[in-house]
Amino acid sequence: MKTVYLDNNATTSIAPEVVDAMMPYLTDIWGNASSMFYSTGQKAEAALARLRENVAQSIGAAHSNEIYFTASGCEADNWAIKGIAYAHKRRGNHIITTKIEHHAVLGACEFLEKQGFEVTYLDVDKDGLVTPEQVEAAITDKTILITIMTANNEIGTIMPIKEIAEVAKKHKVIFHTDAVQAIGHMPINVQDLGVDMLSISAHKFHGPKGVGMLYIRNGIRIENLIHGGGQERGKRAATENLAGIAGLAKGLETAVANLDKNVAHMKKMRDKLINGLMERIDYVKLNGPSPDDERRLCNNCNISYEFVEGESILMRLNMKGICASSGSACASGSLDPSHVLMAIGVPHEIAHGSIRFSVGEDTTDEEIDYVLEAMPKIIEGLRAMSPMYEEFEEGKLQSFTKKA
Ligand SMILES: *Cc1c(COP(=O)(O)O)cnc(C)c1O
């Protein structure tokens with residue numbers, strides 16, 4: 001049976017050119033970049049410098065020494081938030097974020113709250129947006145950090161990052177953005193955006209898992225998260241994962257070089273999928289901005305299907321070889337509805353029946369056709385055995401959505 005992979009917001013396949021770029025560092029150039037007194041180490045160090053320069057160029061950083069490699073997107077987010085909190089706690093203890101951040105950001109903020117920091121979790125509108133005005137209104141003389149994601153991983157909302165960065169600058173507050181989902185799906189230039197810090201993760205753009213990057217603008221004071229040796233200019237100990245870094249640099253370079261072409265293709269696939277599902281299936285709700293709104297990520301399709309459970313849909317999709325995600329907090333194994341869907345006001349009852357499809361550069365028309373063929377039957381089959389649907393048909397239960 002064929003596999004139709006439509007979960008690119010969860011992770012992506014490793015591109016062959018990424019594997020090729022990594023290979024030398026898994027074979028010949030295995031030296032420690034910190035061992036400067038012999039050639040194996042020097043080669044590794046030279047490679048690291050070159051890769052750092054590559055990455056700086058790909059995100060429009062002014063200097064390569066603003067690039068700090070980490071072991072994941074989660075680490076980059078944790079470092080940005082805890083590192084700023086600890087370094088600036090004498091100046092203030094207030095952090096501003098939103099209710100729809102990734103768990104890496106929310107978890108770091110909740111951890112800091114237990115240590116006396118105060119966190120404002122901004123509400124979002126029905127599409128998942130915050131406004132620069134909301135951010136400005138939340139700033140106090142104790143605010144040391146604003147952390148707001150560039151694009152949401154569940155519903156694809158693209159936040160007004162440039163405008164929020166201006167507000168942060170005006171009030172002299174440090175601004176971090178989690179751009180893990182945004183990169184490769186929209187133009188990202190740290191100087192143009194005006195952000196102070198930005199996180200990315202290689203495995204979301206066809207790089208390897210277990211390597212990320214935190215951009216830290218020169219002049220920003222940040223405490224270490226990982227202590228030990230003097231790597232990453234004394235800011236993050238650990239022998240550099242050169243192969244991983246080479247993979248990150250190559251994935252990023254490729255994503256940036258092909259951005260316009262990729263975005264146009266993904267949009268086309270996304271729209272065909274969204275429109276096709278909305279036309280073919282009754283009692284559905286699209287989550288996140290409308291597809292003709294530029295503030296929706298080019299590859300995200302998140303729809304709630306009434307009277308059915310997301311996990312049941314996923315199981316049946318799996319039987320057809322189709323990979324997707326449900327709206328529940330899958331990673332934690334919890335059955336709570338997604339915090340993102342709750343924050344945009346999706347009723348509990350229908351949030352449970354949400355499925356996220358995220359297309360990729362290589363998604364084909366045939367694959368979308370295959371999903372559009374499968375999904376109506378799956379939903380129909382599940383509704384036929386759903387007690388909720390039965391009650392609805394008997395008029396005992398109300399619907400939150402309309403018949404198409
Ligand atoms: C995947 C993701 C992360 C975490 O990155 P890892 O490298 O998997 O730790 C953080 N933020 C967002 C928005 C993500 O989608």
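**Ligand shell and helix packing**

User: How far is an oxygen atom of the ligand from an N or O atom in the side chain of Lys204?
Analyst: This is a predicted model. Polar contacts are pairs of N or O atoms within 3.5 Å. The pair formed by a ligand oxygen and a side-chain N or O atom of Lys204 meets that cut-off, at 2.8 Å.

User: How much of the accessible area that the ligand has on its own does the protein cover?
Analyst: On its own, the ligand has 380 Å² of accessible area. The share of this covered by the protein is 89%.

User: Which residue places a backbone N or O atom 2.9 Å from an oxygen atom of the ligand?
Analyst: The side chain of His203 has an N or O atom 2.8 Å from a ligand oxygen, but that is a side-chain contact. The backbone atom at 2.9 Å from a ligand oxygen belongs to Cys74.

User: How many residues of the shell around the ligand are polar?
Analyst: The ligand is surrounded by 13 residues, with Gly73, Asp178, Gln181, Ser201 and Lys204 the closest. Three of the shell residues are nonpolar and three are charged. The polar ones number seven.

User: Which helix gives the most to the shell around the ligand?
Analyst: The helix in question spans residues 73-87. It supplies three residues to the shell, and it is helix α3.

User: Are α3 and α4 roughly parallel or roughly antiparallel to each other?
Analyst: Helix α4 covers residues 103-113, and its axis comes within 8 Å of that of α3. The two axes cross at roughly 30°, in a right-handed crossing. Angles under 35 degrees count as roughly parallel. The pair α3 and α4 is therefore roughly parallel.

User: How are α1 and α8 oriented, roughly parallel or roughly antiparallel?
Analyst: Helix α1 (residues 16-26) packs on helix α8 (residues 242-257) with the axes 8 Å apart, at an angle of about 155°. The crossing of α1 and α8 is right-handed. Angles over 145 degrees have their own class, so α1 and α8 are roughly antiparallel.

User: What are α10 and α13 to each other, roughly parallel or oblique?
Analyst: The axes of helix α10 (residues 310-319) and helix α13 (residues 365-384) come within 10 Å. They cross at roughly 130°, and α10 passes α13 in a right-handed crossing. Because roughly antiparallel needs an angle over 145 degrees, α10 and α13 are oblique.

Key: Residues are numbered from 1 along each chain as its sequence is written. This is a predicted model: local features need pLDDT of at least 70, side-chain atom pairs count only at pLDDT 80 or more; totals for chains, interfaces and linings use all residues. Side-chain values use heavy atoms; hydrogens and water are left out. A residue is near a molecule or strand if one of its heavy atoms lies within 4 Å of it. A polar contact is a pair of N or O atoms within 3.5 Å; within protein, one must be able to donate a hydrogen and the other to accept it, and residues adjacent in sequence count only if both atoms are side-chain atoms. Accessible areas come from the Shrake-Rupley method with a 1.4 Å probe; for residues, only the protein chains shown count as cover. Helices (H or I, at least four residues) and strands (E, at least two) are DSSP runs, numbered from the N terminus. Ala, Val, Leu, Ile, Met, Phe, Trp, Tyr, Cys and Pro count as nonpolar, Asp, Glu, Lys and Arg as charged, and the others, Gly among them, as polar. Axes are lines fitted to C-alpha atoms, for helices over the stretch in contact, and angles run from 0 to 180 degrees between N-to-C directions. Angles under 35 degrees count as roughly parallel, over 145 as roughly antiparallel, 65 to 115 as roughly perpendicular and the rest as oblique. A crossing is left-handed if the near helix is turned anticlockwise from the far one by less than a right angle, and right-handed if clockwise.
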